[in-house]
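This report goes through the sheet, the helices and some backbone details of the structure shown below.

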Amino acid sequence: DTYRVDDSVSFELDGVEVSIDNTGDSLLGALRDQLGCVSVKDGCSPQGQCGCCTVLVDGAARVACVTPAKRVSGRQITTLDGLDPQRRDRWAQAFCATGASQCGFCTPGIIVRLDALEAKGAQAHEAVTQALLAHLCRCTGWQTIIEAWDLFVADKPIDLTGRDFVAAARRAEIEG
């Protein structure tokens with residue numbers, strides 16, 4: 001008897017059925033290299049310690065760099081790109097209003113995890129703090145991210161009028 005590896009893996013990515021070559025790659029490698037999904041970042045693969053590659057697998061936050069691509073066969077994968085556009089925009093506004101995104105590299109993974117947490121009905125800061133333990137951000141502390149959470153879950157418009165976007169862009173250019 002010869003062990004045969006299937007030639008492809010099919011799953012739903014951000015609402016679209018896809019099929020990838022089964023190369024034995026991680027989900028992160030498959031998403032970035034085979035499907036061109038660059039919102040999923042590679043910060044530490046294959047260690048699974050930084051959270052930059054966090055995606056939702058059937059609605060649960062998972063680190064893609066330690067998830068074999070073959071394990072997601074027939075499942076639903078959601079990246080930052082696949083979040084509901086209104087929710088994604090609200091997260092962006094909340095992060096912008098509080099200065100929660102510095103360089104932005106880890107932000108997609110954090111937002112994906114927070115979106116899943118909020119969808120489960122979490123309200124307490126302890127739940128947010130616990131969720132953030134799965135992420136390593138080198139640019140900011142958790143306070144501004146918790147403030148962004150508070151803005152996102154508040155049932156009122158997010159006011160960005162006090163932000164100086166020209167100065168923020170200049171700072172980002174200098175720091176980049």
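## Backbone at Asp 14

The model is predicted. Asp 14 sits in the loop that links strand 1 (residues 8-13) to strand 2 (residues 16-21). The phi angle of Asp 14 is near 50 degrees, a positive value in a residue that is not glycine. For comparison, most residues other than glycine have a negative phi. Asp 14 has a relative accessible area of 25% and is therefore partly exposed, since that class runs between the 20% limit for buried and the 50% limit for exposed.

## Backbone at Asp 58

Asp 58 is another non-glycine residue with a positive phi, again near 50 degrees. Its place is the loop between strand 3 and strand 4 (60-63). With a relative accessibility of 42%, Asp 58 counts as partly exposed.

## A cis peptide bond

Ser 45 and Pro 46 are joined by a cis peptide bond, with omega at about 10 degrees. Most peptide bonds are trans. Pro 46 belongs to the loop that runs between helix 1 (27-34) and strand 3 (54-57).

## The sheet

Five strands make up an open sheet in the order 2-1-5-3-4, and their pairing is mixed. Strand 2 and strand 4 are the edge strands, each pairing on one side only. From one strand to the next, the twist averages 40 degrees.

Strands of a sheet pair through backbone hydrogen bonds, in either a parallel or an antiparallel way. Strand 3 and strand 4 pair in the antiparallel sense, over four bridges. Opposite Val 57 stands Ala 60 of strand 4. The loop between strand 3 and strand 4 is the one that holds Asp 58.

## Helix 3 against the sheet

Which strands does helix 3 lie across? They are strand 3, strand 4 and strand 5 (76-78). Helix 3 runs at about 35 degrees to strand 3. In the strand order of the sheet, 2-1-5-3-4, these strands stand at the end that finishes with strand 4.

## Helix 5 and its cover

Which residues of helix 5 (143-153) are buried? They are Thr 144, Ile 145, Ile 146, Ala 148, Trp 149 and Phe 152.

The cover over these buried residues includes helix 2 (85-98), helix 3 (107-119) and helix 4 (125-132). Helix 3 thus appears in two settings: it lies across strand 3, strand 4 and strand 5, and it is among the elements that cover the buried residues of helix 5.

Technical notes: Residues numbered from 1 in each chain as written. Predicted model: local features only at pLDDT ≥ 70, side-chain atom pairs only at ≥ 80, totals over all residues. Heavy atoms only, no water. Buried < 20%, exposed > 50% of the residue type's maximum accessible area, 1.4 Å probe, protein only. Contact = heavy atoms within 4.5 Å. Pairing = 2+ DSSP bridges. Axes fitted to C-alpha atoms, helices over the stretch in contact; angles between N-to-C directions.
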